[in-house]
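Here are my notes on the model you sent round. Have the structure open while you read, and go through the points in order.

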Amino acid sequence: MTSVKRILTSLSILPALLLSSAVQAQEAAPESAEEDVVGTLSNDTVVAIPAFATNAEAATQTSAGSTTALGNALAAIVADDLRNNGFYKPTGPAGLPRPALAEIQTPAYGTWEGRSAEMLVQGYVRANGDGQLTVGCYLYDISLKQRLAQAGWTVGPGEWRRAAHKCADMVYSRLSGENPFFDSRIAYIAETGPKDRRMKRLAIMDSDGANHTYLTTGQTIALTPRYSPDYKSILYLSYFNGAPRIYIIDPASRAQRLLFQSKNPLFAPRWSPDGKWVLYSMATGGNTDIYKIPAAGGTPTRLTDSPGIDIGGSFSPDGKRIVFESDRSGSQQVYVMNVDGTGQNRISFFGGRAATPEWSPRGDQIAFTHIAGNFRIAVMSPAGGELRHLTDSWQDEAPTWAPNGRIIQFFRTARGSGRTGLWQVDLTGRNERKLTTPVDGSDPSWGPIQP
Amino acid sequence: MGTDSTLNALTPGGADTKLNKKEIAMPVQTRGGALALTLLGSVALSACASKAPKQLPPDPGAAVSTDTSGGAGMGVATPGSQADFVATMMGQDTILFDTDRYNIDSTDQTALAAQAAWLIKYPAKRATIEGHADERGTREYNLALGERRANSARNYLLSLGVDAARLGTVSYGKERPVALGSDEDSWSRNRRAVTVTID
Amino acid sequence: MAAATLRNEERLGLIVALAAHIGLIAWLTLWRPSAEPLELPGKVSVTLSEEVAPVATTPQPSADPAPDAAPELGEGPPPPAPLAQPEPQPAPQPVARAVPVPKPVTRPVQPPPRPVTRSVQPPRRDAIADLLAQRTPAARPTGRPAATPPPRTTPSGRPGGARFADAFEKGIPGATGAGQPNAQPGPAQVSSIRGSINAKVRAPWNACAVTGLDVNKLRASVTFALDKQGRVTNVNEPQVTGITDANRAQASRFGECAVKAIRTAAPYANLPVEFYDHWKTYKLNFRKE
């Protein structure tokens, strides 16, 4: 029993040991004054956006009217862009004092302090003699009294809204660290009519819903459009002549041509990031596989040949790999392969099914539809881990990425009525919102940043 | 601080052109379906009438088939037409599938046997087999699944002796449901392959 | 169900097993260990403390306190002795300041023998004992090194023994070794300095929003220099850590917001000048949760 006694005696001097060790630990502590500051994550940036100033009141050929009205409209678009993005609380242009042209580059900070705004966006618009407009945009930090960013653009009268989107992009990029995305366009399918006989038309619009145009009449079913990276073409599926085939349409001239002549049905067209290649899926004898063909036409290359449905496909931004969907394992799952079709590996092991994968333009995530009961938009790493769900509704599907890889657009189907709408959500899961479209919408495709 | 930074020139956008009407009228299948529905409806209504109307309504079948003799009466389809096919099949022109499945079960076999019999009886007729899926799937996958189902039915008909050149397939995915609810009963009726003969 | 009759071997085995079981149970029940019961050591009460300063932070008691001489009875009141001023003493400070003012080192209210015995004890124990003495009064946010009441002004004019305590309070000439207040702030002062800086910085830090995935993993460490009025004279480059692929785009803005918070919150006007050496260079570690 002496060993037990030994243990117990040593236990009794433990408190003394602890005390002296505490003292010794303190002697090793840092000498300089230091402390932690813990803040909260969920704050929005308050931005004051007064109307843009002008050098002279002049008529313009824009839909907004004179330069003064245009200055108001430009500021309003910047404010709407930032507000819809979430994370920002823009004020103005209504209700804010209107700065004079001289203040645009040297703001009167006294006017803006004490209004609870962190940031100030000021700009000007000038009508050049030739009908073009020059727009300048400046971002200021009110509390530090310093300019953070500035830029300017010359635009034609038909594109004046793009100048406002460029200004919103400048502010957004500077304050968030992300790449811009407001100056971009969306192609989608506009839907009307009863559930068993929906009329589906190809349509395009700006990222904020403006400049909306229909490209087909709806007499034949149009599905799954894809904007080309240079915005000069749109790939889409049409049931022209009762046979589903892939067509390329020029949105400016409305001219269409068949992507590839075949007696088999073709679905699921996709562009490569450089716009030189097109992926499509073709069904032969009930078996669907993915093919690659030069965008200008030529000989297709077969990429998959499993006895199942291999469909879709999305290139990684470096153009080296393709993520696609296959049910070769018995249910729809997500696979990755090299661009030549080799090295096909499954990456989705989440339970349920995984469909419609899309590689982020940033390369760091793959968005997809996770089907486990409900249809939910989710993201995962390209290796297949770090699953995060972004939505939780009855049926959300077909994600498409904003050009900066931060926001995902998808369409939501209502249970029962089957009516559809375009929705967006931020990568953090915040700011889920419905886009305003003239009628119902589905199959969105977000184009890249316009140069 | 002084002057503007570098300006980027943006090229002006092109003017909108008028849309050219390029697409043709509705596909064949919808016309045949509407006709079949009209004829079936008129047959049903005629059975319900309790007294003869003062004036006979015009013959709804006169406008469609040039073979139909005028005054042949309502509800009698021309033998060998799509209307006749639908009437003869009495629902067996459609076969159903389980979720994500595309196999031909015994009920399907019976229906397809009936279809094959009719097709063999009228050897000049071609047909399209439409494959459909329920709304509880993603759009592109459902297009491929519908194609798989149509192809399954087609293969079975071929095995019963129908000539391959006569049968075509088309998939509508989830675009053309017949049942409009969002419940298992509606979905089970939408997971189908429908054989439509071409007049 | 009919049970099979036991064979002889089985019967024997059963009996042996039963006997062994009974024997074991009996032995365990009846056997007593012969060893003496264990002795537990007596209880020692210990206070564990984290706030042990490596250096003494209390004003040092004077080495030679004043002689313990009471004023002679019957005489008039001795002239009030000047307060032994400790150096350096700030210009008259209002009592309301959150910063403790070092007290005159001679503490007549304490029993005289104590300063003597205290000075002969080893330095480490000195610090601990000071700490233990401090802990109760230091519970107040405006900590004072010792909870001595401020010098009372006494009414003058009363002769004799009633003025005994007054005389000790005011101090008696003869004390040597005027005490020095420490240049190091004690834990109580440090926490009040921290609270003051934190309160000013947190609002602009919150207002500078940074959003994205994994922003809660970012950390920004910023070292900056202050002058005696609390104005920022220099801010070093922020050190941002915790960068992942998902938050890389936000790292630069995160550091920028930290620097902005420090600059916006300036000047830090409420810091104790007597501890300027402690806070003239300060480091803040920022995060958002």
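1. Let's begin with A:Phe87, which is buried, as its relative accessible area is 6% and the cut-off for buried is under 20%. This is a predicted model, by the way, so please read every value below as computed from it. A:Phe87 sits in the loop between α3 (67-85) and β4 of chain A. Its phi is near 70 degrees, a positive value in a residue that isn't glycine.

2. A:Lys145 is another non-glycine residue with a positive phi, here near 55 degrees. You'll find A:Lys145 in the loop that links β6 (133-141) to β7 (146-155) of chain A. Is A:Lys145 buried or exposed? Neither, quite: its relative accessibility is 44%, so A:Lys145 counts as partly exposed.

3. On to the cis peptide bonds. One joins A:Gly92 and A:Pro93, with omega at about 0 degrees. A:Pro93 belongs to the loop between β4 (88-91) and α4 (101-105) of chain A. In chain C, the bond from C:Ala266 to C:Pro267 is cis as well, and omega there is near 0 degrees. C:Pro267 is part of the loop between α6 and α7 (276-279) of chain C.

4. Now a helix pair across two chains. Helix α6 of chain A (residues 160-176) packs against helix α6 of chain C (residues 248-265) at an angle of about 75 degrees, and the axes are 7 Å apart. Angles of 65 to 115 degrees count as roughly perpendicular, and α6(A) and α6(C) are therefore roughly perpendicular to each other.

5. Which residues make that contact between α6(A) and α6(C)? From α6(A) come A:Arg174, A:Leu175 and A:Ser176, and from α6(C) come C:Ala249, C:Gln250, C:Arg253 and C:Glu256. By type, the residues of this contact split into three charged, two polar and two nonpolar.

6. A little more on α6(A) itself. The helix has 17 residues and spans 25 Å from its first C-alpha to its last, close to the 24 Å expected at 1.5 Å a residue. It's mostly covered, with 14 of the 17 residues buried. Right after α6(A) comes A:Gly177, with a positive phi near 80 degrees.

7. A:Thr224 is worth a click if you care about contacts between chains. It lies in strand β11 (residues 222-227) of chain A, and its relative accessibility is 7%, so A:Thr224 counts as buried. Leaving out residues up to four places away in sequence, A:Thr224 touches B:Arg139 and B:Glu140 of chain B, along with A:Ile189, A:Leu235, A:Tyr236, A:Leu237, A:Pro269 and A:Asp443.

8. A:Ser326, in strand β20 (residues 321-326) of chain A, has 0% relative accessibility and so counts as buried. Apart from residues up to four places away in sequence, A:Ser326 touches A:Ser306, A:Ile309, A:Asp310, A:Ser331, A:Gln332, A:Gln333 and A:Tyr335. Its C-alpha is separated by 9.9 Å from that of A:Gly313, and the two residues are 13 apart along the chain.

9. A:Pro438 is found in the loop between β30 (433-434) and β31 (440-446) of chain A. With a relative accessibility of 53%, A:Pro438 counts as exposed. What does A:Pro438 touch, not counting residues up to four places away in sequence? The partners are A:Tyr188, A:His212 and A:Tyr214. A:His212 is 226 residues from A:Pro438 along the chain, while the C-alpha atoms of the pair are separated by 8.5 Å.

10. Chain B has five helices and five strands, in the order β-α-α-β-α-β-α-β-α-β. Of its 199 residues, 41% count as buried. Among chain B contacts between residues at least 6 apart in sequence, 72% join residues at least 24 apart. The accessible surface of chain B is about 10,800 Å², and 59% of that belongs to carbon and sulfur atoms.

11. Chain C has seven helices and four strands, running α-α-α-α-α-β-β-β-α-α-β from the N terminus. Of its 289 residues, 29% count as buried. For chain C contacts with a separation of 6 or more, residues 24 or more positions apart account for 79%. Chain C exposes about 18,400 Å², with 59% supplied by carbon and sulfur atoms.

Definitions and conventions. Residues numbered from 1 in each chain as written. Chains lettered and ligands numbered in written order. Predicted model: local features only at pLDDT ≥ 70, side-chain atom pairs only at ≥ 80, totals over all residues. Heavy atoms only, no water. Axes fitted to C-alpha atoms, helices over the stretch in contact; angles between N-to-C directions. Parallel < 35°, antiparallel > 145°, perpendicular 65-115°, else oblique. Contact = heavy atoms within 4.5 Å. Nonpolar A, V, L, I, M, F, W, Y, C, P; charged D, E, K, R; others polar. Expected span 1.5 Å × (residues − 1). Buried < 20%, exposed > 50% of the residue type's maximum accessible area, 1.4 Å probe, protein only. Areas by Shrake-Rupley, 256 points an atom, 1.4 Å probe, with all protein chains shown as cover.
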